[in-house]
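Here's a quick briefing on how the inside of a protein packs and where its charged side chains pair up. Have the structure open while you read.

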Amino acid sequence: MAIHAWSQRVGTLWCAVAGLLIVGCASNYHTANVGGEQKVYRVDHQGGKTLVYETDVQGRITIYDPEDPMAKRQAAAQEVAMKKAEGLDPANSAGKRQPKEPIYVDLAPVELDEQMQKAERAKGAVADQIRSEFVADPMIKLVERNQERSGLLKPHLSAGVDVEVAPKVSLKEAYGIDRKTGKPAKILAVVFEATITSQAPPATYKVSESGYAQRNLEVSKRFAKQVKQVILEKIGPNIPVH
């Protein structure tokens, strides 16, 4: 990928992007209600909080940590409630997409922050790299976007689309540890984020991946892998047959 080599000075630094990677064992949960919206946090043994999922005033759920047990239970409960409301038997898988059938994905234009726009030597290189990861997947079929739609997420996706992915890429300064001196040093990190929205059943997931700016290709591959896991493992089994 033809992307600007941002800095030679960060070659020996170990990247530990504060606030993006959280290590620890969850021991409790905390629920906060603000303006009719409910946010559920996982609290570790040191008192650190990680947002697991949130529910807006309309009851729509956005999941931030798909692997968290609480988020899994909430997503399952929402699916059961939706099926009951539609008069469907939750145990009946009839009418669902078959495992080998493709999943139709609308990949929104990549949003680059100002620093990333300046760093991108070949315009569209970042978007092309992300897109290539999805094109190579045998189960995911990218669909052409409706030019009349904006890049913002819509409550309902275009006809024939199962999932919408809205990616964002940014450059941020962070602190890591210089391996030679053992002292904190400033580094440049690349951050990939995505909001993943499914139409049926309605659900929203958010994923992120970060690392050395000069290793953006590796980071983008890890990021795409996360997004595809959500599409194939979390959303795919519940998509209705076309």
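Contact here means heavy atoms within 4.5 Å. Keep in mind that this is a predicted model. With that in hand, let's look at the core and then at the salt bridges.

**The nonpolar core**
- The largest nonpolar core has 36 residues.
- Those with the most contacts inside it are Val163, Val165, Val169, Phe192, Ile196, Val227 and Ile231.
- Helix H4 (residues 216-235) gives this core its largest share, six residues.
- Want a residue to zoom in on? Try Phe192: leaving out residues up to four places away in sequence, Phe192 touches Val126, Ile130, Lys168, Val169, Val207, Ser208, Glu209, Asn216, Val219, Ser220 and Phe223.

**Salt bridge Arg42–Asp65**
- Searching the whole structure turns up 11 salt bridges.
- One of them joins Arg42 and Asp65, with the closest N and O atoms 2.9 Å apart.
- Arg42 sits in strand E3 (residues 37-44) and Asp65 in the loop between strand E5 (61-63) and helix H1 (69-85), so this pair ties together parts that are 23 residues apart in sequence.
- Arg42 counts as buried at 17% relative accessibility, and Asp65 counts as buried at 18%.

**Salt bridge Lys186–Glu173**
- Lys186 pairs with Glu173, the closest N and O atoms being 3.6 Å apart.
- Lys186 is in strand E10 (residues 184-198) and Glu173 in strand E9 (residues 163-178), so the pair links parts that are 13 residues apart in sequence.
- Lys186 is partly exposed, at 47% relative accessible area, while Glu173 is exposed, at 56%.

**A shared network**
- Arg42, Asp65 and Asp68 are joined into one network by salt bridges that share partners.

Notes. Residues numbered from 1 in each chain as written. Predicted model: local features only at pLDDT ≥ 70, side-chain atom pairs only at ≥ 80, totals over all residues. Heavy atoms only, no water. Core = buried A, V, L, I, M, F, W, Y, C linked by side-chain atoms within 4.5 Å. Buried < 20%, exposed > 50% of the residue type's maximum accessible area, 1.4 Å probe, protein only. Helix = DSSP H or I, 4+ residues; strand = E, 2+ residues; numbered from the N terminus. Salt bridge = Lys/Arg side-chain N within 4 Å of Asp/Glu carboxyl O.
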